[in-house]
Amino acid sequence: MRILSIETSCDETGIAIVEGEKTASGFTFNVIEHALLSQAKLHAEYGGVYPNLAKREHEKNLPILIKKFEHAEVDAVAVTHGPGLEPALWTGIEFAKKLAEKWQKPLLPVNHMEGHIISSLVKKGEIRDVRFPLLALLVSGGHTEFVVSGDWFKYRIIGKTLDDAVGEAFDKVARMLGFSYPGGPEISKYAHLARQKKLISTIKLPRPMLYTDNCDVSFSGLKTAALYALRDRGGIQKLSSDEIAAFAAELEDAITDVCIAKTRRALEETGARTFVLGGGVAANAFLRESLAQVIKNEYPEVNFRLPELSITGDNAIMIAEAALARALAGIDDTKTGEVRAVGNLSIAG
Ligand code: KG4
Ligand code: ZN
C-alpha cells in the first residue's frame, strides 16, 4: 500500500510518499519520496511561531513541494488533522482534500502525536516485535505527555505538563540567553561544551514536581527561576560565555532530572515492556543518553525505542507511517466523515 502524506501542524511543511506492508511481527516501510521545508528561520525573526504566518508559509510551500509528487500513484492521501495550530492544519487539510478528490482516493486523518509514536518504533524501515504495554514520553514544542498503550492504536494519557512543554522551556530560556528560535538545539550545543570543559553553573534551577505522586510535570517554574536568576546577575551581558554554557547545562540537567524521575514512575505504574521517546526534543542527545542509561541499568527488560535523528522533528514520513500502520491493520479511517482541523486533538480519542 502506498500513501502520500501531508504535515502542516506547526512550522514544517512536509510531503512524503511511503509504501508499507504488514508483516508477521509488525510492518515494513519504504520511503519513496519526501520533501520538507522549514519555516524556522522566518519564525526566528519574530522569536516564535505565529499561526497566521505559519499558515501563509504552508500555503506558499505546498504547491512548490507537490511538484516532486505530481505523477505519484498512491492508494490514499493522509493528512495531519491535529493537534497543532488550527490555521496551519487547515492549510494542509484543504490541500490534501483537493489531491484526494483529483486522484479519487480516500483521505485519511492522522493524529500528529500518533505519528511521533509510530515513527519512533521504526528501525531500518521496519517495526517488529513491539511488546505491550508500551509507554511513550512525547516531548515537543507544544506537548509533553506520558502515553500508555496496551495494544496497537489504543492510547491513554497518564501524565502531562500542567503548563509549558519541554521544548517550550528550552525555547523560552534560550531566548533569554539571546539564542535564536528554536533554542533547544542551541542550548544543547552549549550544554555539551560545558560538560566537556567540566564547567559548573553557579546558578541553580529547581526540579519542579520531582516528588509529586503522579506522572504530571511542570516547566513554567524553570522559566521564571531562570528569568530571576539572570536578572539578579545583572542580565546576560554580565555573564561570560563559559557561564552561559554552564547555565545551559544546568537547564538541560534540570529538565532531564524531571523527565527521568517521571519516566521511572510511569514505567513502574504501567509495567511497560517498551519505552518510546518521541517528538522534536527527542533530538536532545543528553536526554536520549540519560534515559538510555536509566533503562539499561534499572529496567533491562524494557525495550527502549528512539526515533532516528533525521525524523525527530516534524515531517510527513511519520504521518504516512501512522496512516499506513492503521490502514494495514484494518482500521478504516475514512469512516469518520469530513476531515476537520482539531487544534487540541488528544491521542486518547
Ligand atoms: O516535534 P517538534 O518538531 O514540533 C512540535 O510539534 O512542537 O518539536 C520542536 C521542539 C522545539 O521546541 C525545539 O527547540 C525542540 O523541539 N528541539 C530540541 C532539540 N531539537 C529540537 N530541544 C532540545 N534539544 C534539542 N537538540
Ligand atoms: Zn511534533
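Let me begin with glutamine 39, which at 2% relative accessibility counts as buried, where buried means under 20% relative accessible area, exposed means over 50%, and partly exposed lies in between, all with a 1.4 Å probe and protein chains only. Before going on, I should say that this is a predicted model, in which local features need pLDDT of at least 70 and side-chain atom pairs count only at pLDDT 80 or more, while totals for chains, interfaces and linings use all residues. Residues are numbered from 1 along each chain as its sequence is written, chains are lettered from A and ligands numbered from 1 in the order in which they are written, and side-chain values use heavy atoms, with hydrogens and water left out.

Glutamine 39 sits in the loop between E3 and helix H1 (40–46), and here helices (H or I, at least four residues) and strands (E, at least two) are DSSP runs, numbered from the N terminus. Leaving aside neighbours within four places in sequence, glutamine 39 is in contact with Cys10, Asp11, Thr13, Leu53, Ala54, Glu57, His58 and Asn61, contact meaning heavy atoms within 4.5 Å.

Two residues before that loop position we can look at leucine 37, which is found in strand E3 (residues 26–38). Leucine 37 is partly exposed, with a relative accessible area of 29%. Its contacts, again leaving aside neighbours within four places in sequence, are with Asp11, Glu12, Thr13, Asn61 and Leu65. The C-alpha atoms of leucine 37 and asparagine 61 are separated by 7.1 Å, although these residues are 24 apart along the chain.

Asparagine 61 also serves as a reference point for isoleucine 17, since their C-alpha atoms, 44 residues apart along the chain, are separated by 17 Å. Isoleucine 17 is found in strand E2 and is buried, with a relative accessible area of 5%. Beyond the neighbours within four places in sequence, isoleucine 17 is in contact with ten residues that I will only sample here, among them Arg2, Ile3, Val31, Phe69 and Val74.

Where, then, does threonine 8 lie? Threonine 8 is placed in the loop between strand E1 (2–7) and strand E2 (12–23), and it counts as buried because its relative accessibility is 0%. The side chain of threonine 8 reaches the backbone nitrogen of glycine 92 at 3.3 Å, which falls under the heading of a polar contact, that is, a pair of N or O atoms within 3.5 Å, where within protein one must be able to donate a hydrogen and the other to accept it, and residues adjacent in sequence count only if both atoms are side-chain atoms. With neighbours within four places in sequence set aside, threonine 8 is in contact with Thr13, His58, Leu62, Ala88, Leu89, Thr91 and Gly92.

Let me turn to the metal. Which residues coordinate the zinc ion (ligand 2)? They are His112 (NE2), His116 (NE2) and Asp314 (OD), at 2.1 to 2.2 Å, where donors are N, O and S atoms within 2.8 Å of the metal (3.2 Å for Na, K and Ca), and water is not among the atoms, so sites may look incomplete. In sequence, the donor residues of this zinc ion are spaced H-x3-H-x197-D. Histidine 112 and histidine 116 both lie in helix H4 (residues 112–120), four residues apart, about one turn of the helix, and both of these histidines are buried.

Next comes a pair of helices. The axes of helix H8 (residues 241–270) and helix H9 (residues 285–298) come within 10 Å and cross at roughly 35°, the axes being lines fitted to C-alpha atoms, for helices over the stretch in contact, with angles that run from 0 to 180 degrees between N-to-C directions. On the H8 side, the residues that meet H9 include Glu252, Thr256, Ile260 and Leu267, and on the H9 side they include Phe286, Leu291 and Glu298. The residues of this contact divide into eight nonpolar, three polar and four charged, where Ala, Val, Leu, Ile, Met, Phe, Trp, Tyr, Cys and Pro count as nonpolar, Asp, Glu, Lys and Arg as charged, and the others, Gly among them, as polar.

Finally, some backbone details. Most residues other than glycine have a negative phi, and most peptide bonds are trans. The peptide bond from glycine 82 to proline 83 is, however, cis, with omega near -10°, and proline 83 is placed in the loop between strand E4 (76–82) and helix H3 (86–103). The bond from phenylalanine 132 to proline 133 is cis as well, with omega near 0°.

As for phi, phenylalanine 153 has a positive value near 65°, and this residue, in the loop between strand E8 (144–151) and strand E9 (154–160), counts as buried at 13% relative accessibility. Lysine 198 has a positive phi near 55°, and is exposed, with a relative accessible area of 69%.
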